[in-house]
Amino acid sequence: MPLGAASFAMDTTVIGTRLDYWVIVGYFVLIFSFGFYFARFTRSTKEFFMGGQRFSWWLITFSCVATVVGSYSFIKYSAAGFRYGTSSTMSYMNDWIVMSFLLLGWLPILYFNRFLSVPDYFRKRFDNRTGVMATIIVLMYMVGYIGINLYTMGVALNAMLGTDIFVSVVVVAVICAVYVTVGGQTSVIMTDLAQGVILLIAGTLLFVIGLGALGGWGEFWSGLPLLHRFPFAQFNEPQQFNFVGIFWQDGISNTFALYMMNQGFILRFLSLKSVNETRKSFLALILILMPLAAFAVSNAGWLGRSMVTHGMLPADVDPNGVFVEVAGRICGPGVFGFVMAALTAALMSTIDTLINAVSAVAVNDVYRPYIRAGASDKHYLGVARIVSLAAAGLGLILVPVFASFNSIYVAHGAFTASVTPAMVVAIVLAMYWRRFSATAAFWTLLGGSILVALSIMLPVLVTPFSHGVDPAGGFKYTRALYGLAGSGLIALLVTLFARSRQAGELEGLVVGSLWQAKQRYKGGKPNEDDGLKLGCLLCESDGVGEVSVNREVAESLNARVGDIVYVSDARWWLGGLRSVHAKLSDIRDDDDTTVLVAPALVLEGRLQIERRHKIERII
Amino acid sequence: MEITALLYQFIVGGVFFTIGLIVPWRAGDFSWKNRRDRRLLISILLACLFYLIMQSVWYLYAARGG
């Protein structure tokens, strides 16, 4: 549910003690130091954009929570919870719909082909023209999004703490830009991991304290009006918050876009050590952490409504200020500061992800193919760092623009609404329909976006798709269904008349050819037999190609020469920070179970050779 | 109350979910005979079932005034 800047125009209420402010300052220092510390793990573009593709599922899952919870989520969903009750969780609880597309199609195709972005995929799946079109759309969407997130964050902090909008925006942008520029994706992941944990703890803590203040679950639940207790809103009313609109706009269009088009998420999943880990990570995110996140960001609104019923809050409390109001009333000194730090965590974790994502698209889809091809990795890493700073700077420049001209803010919202359905249709058909051609993809993106833009000027076009929603709101939410249907129709019609690529040219790029994608990834026949994960000792050896094990170890791993293995530090809580992928280059006939590793790989994986490690076969 | 929303979520959402599942399966990317694929399919189905059960129970709890 997009929320305009005007929605944040709540009364400035400065709450909190000196201790609370010290907690918030301490939080900023902690995150900055944390991000800066992990900068040492970034020495190549692969590490800068994908953290070296080495991480464990649990680490990425927690970091994703902080990224999903945007700069305004606590304010927005608490307000929705206060106005409409527990159905405010709807937006977080419909991600399961996209699960099969993501786990069986999109993620394996991206991962095995080593694609870094949607434009990268479109260039190979279709042609240059479609790739350029996708690059323009993605960059406009992301850069504008950095500005919007910074702006909404400044407004939210101003309302909560009374800080000047531009001062707080500059402070947060500088902190994020510094650690992203130095540390890239690894710093983003590690800070977002910390922020995800803080965010969930603070949200849960707030609810527990609130229940205590209200007198327990029974008092809380009885304080909610009957219609506020359901998991879904009313089917098609009111027009500001109805089930069917949110289903199409959020559950289908935005959820597909978030996981398939949002560069931040793509890079996050590509940072995992294997496709199997991407699947585990996404399942854990959907099953455990999204419901927890929905609860964490919404419950202040539910508590607020129940407190109004019990006379503990005035009935005319501003819904957009209910999060701060409830937290301020029920939390003691220090705890309030911790809850506010969690809110700031949500703000920062979205911005750092976006900065890194813009840098990835600018370097890999613009600079590398069109400006300077064939340069050294060190050169591209330098450019990536400069672009990160520039992206943060551009976002900062956009803040006063968004603040001064609401029409520009609205225009970016309209742009996003226009391109999202078309992009979603193009991505899904690209991987699921072999006949879907380059011409069809190009016209789907262009025509679909134009169709939606037209409907913003002529809302009557959406009427057949509105499911009876009151047209007074301009079909803000049901427009997504119209956009999806229109883009789908264009895709179908153009495909019927345009020439498709030969089947052989699409191998590995569409569903039904995943085996070829795996072959491309490995550079040989994939080995998918079951094998064990073993504890082992390492020894650095100049005499091996990459990794050498004896026959006993190879049999336990079920590995053959040429297979890709993963060697990692045995300390699970490092989450793969010290690890490396390598080819099994030799199987020895001796009795020594020590794993021999080439010195270059020890350096690349930051392996501490004297420690215990684990080895497993990936493919 | 709004049982239509619950049904719509799982019927229309379920259609999308099923398309996403069936196409790669039928195209031969996954096989029931492969243990890893089988485990993946079961996990995905269980995740969907988890939401169906959780939101239905929540709905019933709210509807009976619990």
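**Group meeting: a sheet in chain A, a helix pair in chain B, and the interface**

I'll start inside the sheet of chain A: Ser568(A) has Ser579(A), in S5(A), as its bridge partner. Keep in mind throughout that this is a predicted model.

That bridge belongs to a strand pair. Strand S4, residues 564–569 of chain A, runs antiparallel to S5(A), and five bridges connect them. S5(A) covers residues 579–588 and also pairs with strand S3, residues 547–550 of chain A. Here the sense is parallel, with four bridges. One position to look at is Asn550(A), which stands opposite Arg588(A) in S5(A).

Now the whole sheet. What is the order of its strands? Going across, the order is S1-S7-S4-S5-S3-S6-S2, all in chain A. That is seven strands in an open sheet, and the pairing is mixed. At the edges are strand S1, 534–536, and strand S2, 538–540, each of which pairs on one side only. From one strand to the next the twist averages 35°.

At the S2 edge, S2(A) pairs with strand S6, residues 595–597 of chain A, in the parallel sense, over three bridges. Leu538(A) faces a partner in S6(A), with Val595(A) standing opposite.

On to chain B. The mean pLDDT of this chain is 91, and 97% of its residues reach 70 or more. I picked one helix pair: helix H1, residues 3–26, and helix H2, residues 35–63, both of chain B. How are they packed? Their axes are 12 Å apart and the angle is about 180°, which means that H1(B) is roughly antiparallel to H2(B).

As for the residues that meet, H1(B) contributes Leu6(B), Phe10(B), Phe17(B) and Leu21(B). From H2(B) come Ile44(B), Cys48(B), Leu52(B), Gln55(B), Ser56(B) and Tyr59(B). By class, this contact has eight nonpolar residues, two polar and no charged.

Last, the interface between the chains. The predictor gives the complex an ipTM of 0.95 and a pTM of 0.89. In chain A, 33 residues are in contact with 31 residues of chain B. Which elements of chain A give two or more residues to that side? They are helix H5 (99–113), helix H10 (243–260) and helix H12 (275–309) of chain A. H5(A) gives the most, with six residues. The side of chain A that touches chain B divides into 23 nonpolar, six polar and four charged residues.

Methods. Residues numbered from 1 in each chain as written. Chains lettered and ligands numbered in written order. Predicted model: local features only at pLDDT ≥ 70, side-chain atom pairs only at ≥ 80, totals over all residues. Pairing = 2+ DSSP bridges. Axes fitted to C-alpha atoms, helices over the stretch in contact; angles between N-to-C directions. Contact = placed C-beta atoms within 7 Å. Nonpolar A, V, L, I, M, F, W, Y, C, P; charged D, E, K, R; others polar. pLDDT = per-residue confidence, 0-100. Parallel < 35°, antiparallel > 145°, perpendicular 65-115°, else oblique.
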